[in-house]
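Hi everyone, thanks for coming. Let's bring the structure up on the screen and walk through it together.

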Amino acid sequence: QPPRKNHSRAMALAAGQARNNDIRFRTQFQKTQLCSFFESKGHCTKGHRCQFAHGHRELKIAPDLTKTSLCKLWLNFCCSKEAAECQFAHGWHDLRVTDQYLQPKRRGQPSEQTRPSVQHQGMSE
């Protein structure tokens, strides 16, 4: 059952704003598209600082963002898709993170990488 409507909307907006400002989020997309200047002119004035790939050798695969954010339609009780069919998460239990968000092993911790916990106060799944 979806959480309360207004609280959910505020949480989704806050998560979206944090994601837009998050360097880890943005860096996932570096070099996942070809630089149009490099492709058309053979060079780019940004050089190694360019966020885009200079040729197919530098090109990386974009991350799979399926189920990494809550479904806005589901939050408003309007999503006609089943959770398995929707590309967005239908509840906190359905959320996942990309590899960029996995926390690396720290000294003295178990050898498995851990996923960051999703903080949600006063909300039920």
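**Salt bridges, cysteines and confidence**

Let me start with one residue: Glu58 has a relative accessible area of 34%, so Glu58 counts as partly exposed. Before I go on, please keep in mind that this is a predicted model.

So what does the side chain of Glu58 meet? It meets the side chain of Lys31 in a salt bridge, at 3.3 Å from N to O. As general background, side chains of opposite charge can pair when their charged atoms come close. This pair links distant parts of the chain: Lys31 is in the loop between α2 (23–27) and α3, Glu58 is in the loop between α3 and α4, and they are 27 residues apart. Lys31, at 14% relative accessibility, counts as buried.

How many salt bridges does the count come to? Three. Another one joins Arg96 and Asp64, at 3.4 Å from N to O. Arg96 lies in the segment after α4 and Asp64 in the loop between α3 and α4, so this pair ties together parts that are 32 residues apart in sequence. Both partners are partly exposed: Arg96 at 29% relative accessibility, and Asp64 at 48%.

Then there's Asp94 with Lys67, whose side chains meet at 3.3 Å, N to O. Asp94 is in the segment after α4 and Lys67 is in the loop between α3 and α4, so here the parts tied together are 27 residues apart in sequence. And Lys67, is it buried or exposed? Buried, at 11% relative accessibility.

Okay, let's step back to the whole chain. It has four helices and zero strands, so if you read along the sequence you get α-α-α-α. There are 125 residues, and 24% of them count as buried. The accessible surface comes to about 9,700 Å², with 51% of that belonging to carbon and sulfur atoms.

Now the cysteines. How many disulfides do we count? Zero. Cys71 is in no disulfide, and its nearest cysteine sulfur, the one in Cys79, is 3.8 Å away. What about Cys86? The closest cysteine sulfur to its own is in Cys71, at 3.9 Å, which is too far for a bond. The cut-off you need here is 2.5 Å between the sulfur atoms. Cys71 is buried, with a relative accessible area of 3%, and Cys86 counts as buried too, at 5%.

Cys71 and Cys79 turn up again around His90. Leaving aside neighbours within four places in sequence, His90 is in contact with Cys71, Trp74, Cys79, Lys81, Glu82 and Ala83. His90 is found in the segment after α4 (72–75), and at 8% relative accessibility it counts as buried.

For an exposed residue, look at Ile61, in the loop between α3 (36–41) and α4. Its relative accessibility is 82%. Ile61 is 32 residues from Phe29 in sequence, and their C-alpha atoms are 8.5 Å apart in space.

Last topic: confidence. The mean pLDDT of the chain is 78, and 65% of its residues reach 70 or more. Where is confidence lowest, and where is it highest? It's lowest in helix α1 (residues 5–21), with a mean of 57, and highest in α4, at 96. Over residues 111–125 the pLDDT is below 50, and beyond near neighbours in sequence that stretch has 28 contacts in the model.

That's everything from me, thanks for listening!

Definitions and conventions: Residues are numbered from 1 along each chain as its sequence is written. This is a predicted model: local features need pLDDT of at least 70, side-chain atom pairs count only at pLDDT 80 or more; totals for chains, interfaces and linings use all residues. Side-chain values use heavy atoms; hydrogens and water are left out. Helices (H or I, at least four residues) and strands (E, at least two) are DSSP runs, numbered from the N terminus. Buried means under 20% relative accessible area, exposed over 50%, partly exposed in between (1.4 Å probe, protein chains only). Contact means heavy atoms within 4.5 Å. Accessible areas come from the Shrake-Rupley method with a 1.4 Å probe; for residues, only the protein chains shown count as cover. pLDDT is the predictor's confidence in each residue, from 0 to 100. A salt bridge is a side-chain nitrogen of Lys or Arg within 4 Å of a carboxyl oxygen of Asp or Glu.
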